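Got the model loaded in your viewer? Here's a walk through it, one selection at a time.

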Number of protein chains: 2
Amino acid sequence: MSVRETNKQRTRHALANAAVDLFTQRGYDAVTMADVAESAGVSRRTAFRYFASKDDLLMEYPLSWLPLFDEAVERHGDLPLPDRLRAASHAIAAHIEVDPEPVKRAMAIALSQPALAARYAAVARQWIDRIATEIAGEPPESPEEAVRTRVLASAVMGMIDTTLELWAAGDEPMSPLLDVGFDLLDGAFTQARQSKVELR
Amino acid sequence: MSVRETNKQRTRHALANAAVDLFTQRGYDAVTMADVAESAGVSRRTAFRYFASKDDLLMEYPLSWLPLFDEAVERHGDLPLPDRLRAASHAIAAHIEVDPEPVKRAMAIALSQPALAARYAAVARQWIDRIATEIAGEPPESPEEAVRTRVLASAVMGMIDTTLELWAAGDEPMSPLLDVGFDLLDGAFTQARQSKVELR
DNA sequence: CAGAAAGTGGCACTGAGTGTAAAATTCGAG
DNA sequence: CTCGAATTTTACACTCAGTGCCACTTTCTG
């Protein structure tokens with residue numbers, strides 16, 4: 001990796017870390033972008049070049065999981081849909097639990113601020129679209145089909161979302177919680193398949 | 001109603017209407033709070049007293065539906081859960097379709113701006129919590145129960161959400177679309193009940 | 001009608017976010 | 001290694017959202 005890329009990555013991490021630290025110490029509102037920038041040893045303007053907004057500083061994790069999800073889904077392409085989603089989720093869980101603390105801290109901050117929770121919800125929506133794509137296989141042809149796939153995707157996301165929240169607030173490992181959720185969903189998937197929802 | 005209340009309500013509507021008009025004409029970003037205030041014949045400061053933030057100007061509708069939902073759910077308290085939710089949704093649909101145009105315009109603006117979509121998602125989350133409460137009857141006692149109810153609530157909300165989007169983008173009435181969604185969900189509910197999820 | 005209560009307007013301030021142009025750093029070619 | 005090109009950082013200035021404060025006006029109550 002070139003010097004430039006290395007530096008950029010270091011700066012990016014420095015900013016995200018400084019942000020989580022400062023937010024945890026003083027609270028989100030009491031920390032300005034200038035504070036974060038200074039703490040990371042960089043100018044305010046540069047901080048904004050790395051993170052387009054203050055709350056983006058806390059979206060590092062959920063956004064970085066999206067490609068992991070895609071990759072894992074790809075890797076388990078031979079499994080039936082529900083198992084594929086389950087496997088992908090476990091892959092992300094494993095990745096998170098290598099170093100879960102910063103994730104938990106970031107989530108604690110995000111969930112305490114309505115504005116940030118909104119941002120999280122928006123990211124979740126991206127996830128829903130991704131999952132819906134995975135469920136449908138291709139773009140829906142009728143409104144009914146669109147509703148059906150999005151309903152399933154929302155259910156999956158709602159489960160993941162709740163699981164993440166419970167996990168972040170507690171001390172248990174994530175995988176068993178995930179399995180509880182997926183076990184429940186499996187039933188719904190079966191039902192959906194019987195209702196002629198197309199599953200790959 | 002007292003003069004004071006009447007005036008407040010008029011101002012509130014003037015602001016919300018001016019906002020939707022201006023946003024539609026020039027786009028959300030190109031309109032400042034000062035523009036909206038002026039157009040509604042009120043000072044900037046006062047505008048912020050009615051709407052705590054610029055994007056709140058577009059959350060009038062979804063937020064106003066929450067009490068309707070509660071009320072309708074209450075009114076149909078004798079129906080089993082799925083039918084209760086369905087009836088409440090139809091009640092809201094009926095209310096919306098009295099004058100659907102402003103709702104559609106507001107939604108079109110909101111969905112075109114990522115920041116606003118996030119705000120919408122946050123409102124949806126409030127809905128999910130409300131629905132989850134309705135599903136569970138009382139606060140969950142175990143993590144597993146929390147996951148189960150939130151999954152169902154997310155599914156319901158995902159359905160409603162998608163239905164709203166489809167409806168706002170098209171010309172069909174909302175009720176048939178809603179029924180497609182609820183028919184699909186009924187299956188999921190049945191399944192859930194068999195898995196020992198407590199339903200009132 | 002007078003005084004209290006509620007609402008409005010004006011002003012000044014903080015902080016997020018952005019355009020721009022000059023200065024600094026990194027890169028690639030010879 | 002060195003020079004010029006490309007990329008990145010910085011400083012500065014600006015707009016606008018959002019808030020605290022206080023004087024002013026409107027509405028309510030007795």
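Which residue forms a salt bridge with Arg119(A)? Select Asp56(A): the closest N and O atoms of the pair are 2.2 Å apart. A salt bridge here is a side-chain nitrogen of Lys or Arg within 4 Å of a carboxyl oxygen of Asp or Glu. Arg119(A) sits in helix α7 of chain A and Asp56(A) in the loop between α3 and α4 (60-75) of chain A, so the pair ties together parts that are 63 residues apart in sequence. Helices are DSSP runs (H or I, at least four residues), numbered from the N terminus. Asp56(A) is buried, with a relative accessible area of 17%, while Arg119(A) is partly exposed at 22%. Buried means under 20% relative accessible area, exposed over 50%, and partly exposed in between (1.4 Å probe, protein chains only).

Before you go on, a word on what you're looking at. This is a predicted model, where local features need pLDDT of at least 70, side-chain atom pairs count only at pLDDT 80 or more, and totals for chains, interfaces and linings use all residues. Residues are numbered from 1 along each chain as its sequence is written, chains are lettered from A and ligands numbered from 1 in the order in which they are written, and side-chain values use heavy atoms, with hydrogens and water left out.

**More salt bridges**

Stay in chain A and pick Asp21(A) and Arg105(A), another salt bridge, with the closest N and O atoms 3.2 Å apart. Asp21(A) is in helix α1 and Arg105(A) in helix α6 (residues 100-112), 84 residues apart. Next, select Arg86(A), Asp179(A), Asp183(A) and Asp186(A), which are linked in a network of salt bridges.

Now hop to chain B for Glu134(B) and Arg84(B), whose salt bridge has its closest N and O atoms 3.0 Å apart. Glu134(B) belongs to helix α7 (residues 114-136) and Arg84(B) to helix α5 (residues 81-96) of chain B, so this pair joins parts 50 residues apart in sequence. Glu134(B) is buried at 13% relative accessibility, and Arg84(B) is buried too, at 4%.

**Where the chains meet**

Show chains A and B together. Here 30 residues of chain A are in contact with 29 of chain B, contact meaning heavy atoms within 4.5 Å. The two chains bury about 2,600 Å² between them, 73% of it on carbon and sulfur atoms; buried area is the accessible area (1.4 Å probe) that two parts lose on being put together, summed over both.

Between the chains there are 8 salt bridges. Zoom in on Glu165(A) and Arg125(B), whose side chains meet in a salt bridge (2.2 Å, N to O). On the side of chain A that touches chain B, α7 (114-136), α8 (143-169) and α9 (174-194) each supply at least two residues. Color α8(A) here, as it gives the most, with 16 residues.

**Over to the DNA**

Last stop: DNA strand C. Of the 22 residues around the strand (a heavy atom within 4 Å), Arg44(A), Lys54(A), Lys8(B), Thr46(B) and Arg49(B) come nearest. Sugar and phosphate account for 53% of the strand's atoms that come within 4 Å of the protein.

Try three close-ups:

- Arg45(A): a polar side-chain atom lies 2.8 Å from a base oxygen of DNA strand C.
- Lys8(B): a side-chain N or O atom is 2.5 Å from a phosphate oxygen of the strand.
- Arg49(B): a side-chain N or O atom is 2.7 Å from a base oxygen of the strand.

Note on methods
A polar contact is a pair of N or O atoms within 3.5 Å; within protein, one must be able to donate a hydrogen and the other to accept it, and residues adjacent in sequence count only if both atoms are side-chain atoms.
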